[in-house]
Amino acid sequence: ILSAAIFVGMLVGGYLWGSLADIFGRRSILIYSLLVNGLSALLSAFSPYFWLFVILRLFSGIGVGGSIPVVFTYVSEFQPASRRGPMIGVVAAFWIAGNILAAGVAWIVIPSGRPYLPITDGFVFNSWRLFVVLCSIPSLSSVVIMSILPESPKFLYQSGQSEEVARVLRKMFKWNHRGEKNKVYPVFSLQESQCLISSARNNNSIDNNRCFYRIGNLIREIFRSTSTLFHRLYRRHTYTMMIVISTFSFGYYGLVLWLPELYQRMRLYGGTPCEPPSLNGTMPPVGINCTEPLSEQIFID
């Protein structure tokens, strides 16, 4: 249930936050999704009830689901086409590095099992709760970092915010050519985008001051942007990516969730059901011939 709650949250969050990022911007949605993830994870560490812990992990999953697609979009929109692929690879590599770091922290913190802070007679802040708190720190610290970073210039350009685009590009140029005194920013003006996207700031088809914040208009805008993915020009790519990501996630997260349970069973009960009962506390199942090679099915059943 606990694992399922996180993935259900990621499913909801991925669609919700990803759609909102096309309306309100990558940077602001990243900040909100990271904040939801970090605060939910932090609060779950202090949950005295399992059902409350599951709900908070659900909201944490919603935050995670939002940051995953939006951060790749945000990074790619700062890169030229020649470097876009490698930079996405770098971001993905840090995902793996974070997994390794989390596993290392868990290895150090959780096995101690000692109570760190007895809050009440029925609630003790022990090692696994400390681990959850530590895991919330990267999301919360990322909120601070994202607050000082600029919005995606591509989003700003398609939103019709030419002055803000120019400001961001000048800042990028200055940073990329720091130390080179003779470098002058070569862009004097920007052509208006031919494919302006709807946003809370430039949607002229309806009253800008009030209506875009209405829930009905927001839902319609989300479904409009979603339907674009299934236009005849894009639907083949959309279906292909859905199949690739689904099969990858099925295999990856299936192993991630099952392997710890398998190793735990092997630690508690031995590597096979044919080991002496004094070691694993069980008798060989009926129909199992321990003199012959065991079927792999035994580890599944």
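**Exercise 1. In this predicted model, determine which residues Ser60 touches once residues up to four places away in sequence are not counted, and state whether Ser60 is buried or exposed.**

Solution. Not counting residues up to four places away in sequence, Ser60 touches Asn37, Ser40 and Ala41. Ser60 itself belongs to helix α3. The relative accessible area of Ser60 is 4%, and since buried means under 20%, Ser60 is therefore classed as buried.

**Exercise 2. Place Val64 in the fold: find its helix, its contacts beyond four places in sequence, and its C-alpha distance to Ser139.**

Solution. Step one is the secondary structure, where Val64 is found in helix α3. Step two concerns the contacts: when neighbours within four places in sequence are left aside, Val64 is in contact with Met10 and Asn37. Step three compares sequence with space, for Val64 and Ser139 are 75 residues apart in sequence, while their C-alpha atoms are 9.2 Å apart. The last step is accessibility, and with a relative accessible area of 23% Val64 is partly exposed.

**Exercise 3. Establish how many salt bridges the model contains, and describe the bridges of Asp22, Glu164 and Glu221 together with the accessibility of the residues that form them.**

Solution. The general idea comes beforehand: side chains of opposite charge can pair when their charged atoms come close. The cut-off applied is 4 Å between a side-chain nitrogen of Lys or Arg and a carboxyl oxygen of Asp or Glu, and the count comes to four salt bridges.

- Asp22 pairs with Arg26, with the closest N and O atoms 2.7 Å apart; Asp22 is partly exposed at a relative accessible area of 35%, whereas Arg26 is buried at 5%. These two residues are also linked with Glu77 in a network of salt bridges.
- Glu164 pairs with Arg167, and here the closest N and O atoms are 2.7 Å apart. Both residues lie in helix α7 (residues 162–176), three residues apart, which is about one turn of the helix. Glu164 is partly exposed, with 28% relative accessibility, and Arg167 is partly exposed as well, with a relative accessible area of 39%.
- Glu221 pairs with Arg224, the closest N and O atoms being 2.7 Å apart. Helix α8 (residues 215–228) holds both of them, three residues apart, or about one turn of the helix. Glu221 is buried, its relative accessible area being 10%, while Arg224, with 42%, is partly exposed.

**Exercise 4. Classify the aromatic pair of Tyr49 and Trp51 and that of Phe53 and Trp128, and name the members of the aromatic cluster that contains Phe7.**

Solution. A pair of aromatic rings is described by the distance of the centres and the angle of the planes. The structure holds seven aromatic pairs. For Tyr49 and Trp51 the ring centres are 6.0 Å apart and the planes stand at 15°, so this pair is stacked. Tyr49 is partly exposed, with a relative accessible area of 49%, and Trp51, with 54%, is exposed.

The pair of Phe53 and Trp128 is edge-to-face, with 5.4 Å from centre to centre and 90° between the planes. This pair links distant parts of the chain, because Phe53 sits in helix α3 and Trp128 in helix α5 (residues 127–147), 75 residues apart. Phe53 counts as buried at 11% relative accessibility, whereas Trp128 is partly exposed at a relative accessible area of 32%. The cluster that contains Phe7 is formed with Phe248, Tyr252 and Tyr253.

**Exercise 5. Characterise the second largest pocket by its volume, the residues closest to its centre, the helices that supply its lining and the classes of its lining residues.**

Solution. The space in the second largest pocket is about 2,400 Å³. Its lining has 48 residues, and those closest to the centre of the pocket are Gly14, Gly18, Pro69, Leu229 and Ile245. Turning to the helices, α1 (2–24), α3 (50–76), α4 (81–109), α6 (153–158), α8 and α9 (235–269) each supply at least two residues of this lining. The largest share, twelve residues, comes from α9. Sorted by class, the lining of the second largest pocket has 27 nonpolar, 15 polar and six charged residues.

Terms used. Residues numbered from 1 in each chain as written. Predicted model: local features only at pLDDT ≥ 70, side-chain atom pairs only at ≥ 80, totals over all residues. Heavy atoms only, no water. Buried < 20%, exposed > 50% of the residue type's maximum accessible area, 1.4 Å probe, protein only. Helix = DSSP H or I, 4+ residues; strand = E, 2+ residues; numbered from the N terminus. 1 Å grid on protein atoms, 1.4 Å probe; cavity = no way out; pocket = protein on both sides within 12 Å on 5 of 7 lines; lining within 4 Å. Points joined across faces, edges and corners; volume = space filled by probe spheres on them. Nonpolar A, V, L, I, M, F, W, Y, C, P; charged D, E, K, R; others polar. Phe/Tyr/Trp six-rings, centres within 6.5 Å; stacked < 30°, edge-to-face > 60°. Contact = heavy atoms within 4.5 Å.
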